[in-house]
Amino acid sequence: MGKPEDRGGGETERGGSGLRSAASLLFTVALLAATGAALYNVYGVSVEVEALASEAACQGQGPSCKAQFTFWERSPIAHTFAMQTPKGNHPVVCQRAYILAGAWSCKGKDGAATAEPSTSAAATASASASAKAQPAKASGK
């Protein structure tokens, strides 16, 4: 019988395995972070984005404009809405400044209407959301 071949590598190749496992760990963490950001974009930011979409659909129609959602589609990269206003149906697309991060901005699919978040709009949307989330108080008499 022949002599068994050495396929295990020598001491010189073992030094790279620590670097390889660190790179693998870093890649895994990056994928998990991107997955978390994508899930958050789809399920976690609806109040803020819906307020911006409504503002974009009502742009130029006065303060009494009330937009109603007739269609919405959410993906990790963009949210697409069809909004019914007194002046008709308006398609709106909302996206982040960067693919999975950054501030949301909405614009009409025709490019005419745009809505950018302001500090007061974000505060109003979050205050509205927290007011809706709290239970009603029972009368104490």
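## A partly exposed arginine and its salt bridge

Arginine 74 has a relative accessible area of 29% and is therefore partly exposed. In this predicted model, arginine 74 forms a salt bridge with glutamate 50, and their closest N and O atoms lie 3.2 Å apart. Glutamate 50 also counts as partly exposed, because its relative accessibility is 25%. In general, side chains of opposite charge can pair when their charged atoms come close.

A search of the whole structure finds one salt bridge. The pair joins distant parts of the chain, with glutamate 50 in helix H2 and arginine 74 in strand S1 (residues 68-74), 24 residues apart.

## Overall architecture

The protein chain contains three helices and five strands. Along the sequence, these elements follow the pattern α-α-β-β-β-β-β-α.

Of the 141 residues in the protein chain, 22% count as buried. The accessible surface of the chain comes to about 10300 Å², and carbon and sulfur atoms contribute 59% of this area. Among contacts in the chain with a separation of 6 or more, 43% are between residues 24 or more positions apart.

## The largest nonpolar core

Which residues touch the most other members of the largest nonpolar core? In this set of 15 residues, they are Phe81, Val92, Cys94 and Cys106. Two or more residues of the core come from each of helix H2 (46-58), S2, S3 and strand S4 (104-108). H2 gives the most, with six residues. In soluble globular proteins, nonpolar side chains tend to be buried together.

Phenylalanine 81 belongs to strand S2 (residues 78-85). Its relative accessible area is 2%, so phenylalanine 81 is buried. Beyond its neighbours within four places in sequence, phenylalanine 81 is in contact with Val49, Glu50, Ala53, Phe69, Phe71, Trp72, His90, Pro91, Val92 and Cys94. One of these partners, Glu50, is the glutamate of the salt bridge with arginine 74. The C-alpha atoms of phenylalanine 81 and lysine 109 are separated by 9.6 Å, and the two residues are 28 residues apart along the chain.

## A buried arginine without a salt bridge

Arginine 96 is located in strand S3 (residues 88-96). Arginine 96 is buried yet has no salt bridge. How far away is the nearest side chain of opposite charge? That side chain is glutamate 48, at 6.1 Å. A salt bridge requires a side-chain nitrogen of Lys or Arg within 4 Å of a carboxyl oxygen of Asp or Glu, so a pair at a distance of 6.1 Å does not qualify.

The side chain of arginine 96 does make a polar contact, at 2.6 Å, with the side chain of asparagine 41. Leaving aside neighbours within four places in sequence, the contacts of arginine 96 are Tyr40, Asn41, Val45, Ile77, Ala101, Gly102, Ala103 and Trp104.

## The asparagine partner

Asparagine 41 lies in helix H1 (residues 11-43), so its polar contact with arginine 96 connects this helix with strand S3. Is asparagine 41 buried or exposed? Asparagine 41 counts as buried, because its relative accessibility is 0%.

Outside its neighbours within four places in sequence, asparagine 41 is in contact with Pro76, His79, Arg96, Ile99, Leu100 and Trp104. Trp104 is also listed among the contacts of arginine 96.

Technical notes. Residues numbered from 1 in each chain as written. Predicted model: local features only at pLDDT ≥ 70, side-chain atom pairs only at ≥ 80, totals over all residues. Heavy atoms only, no water. Helix = DSSP H or I, 4+ residues; strand = E, 2+ residues; numbered from the N terminus. Buried < 20%, exposed > 50% of the residue type's maximum accessible area, 1.4 Å probe, protein only. Lys, Arg positive; Asp, Glu negative; His and termini not counted. Polar contact = N/O pair within 3.5 Å; in protein donor to acceptor, adjacent residues only side chain to side chain. Contact = heavy atoms within 4.5 Å. Areas by Shrake-Rupley, 256 points an atom, 1.4 Å probe, with all protein chains shown as cover. Core = buried A, V, L, I, M, F, W, Y, C linked by side-chain atoms within 4.5 Å.
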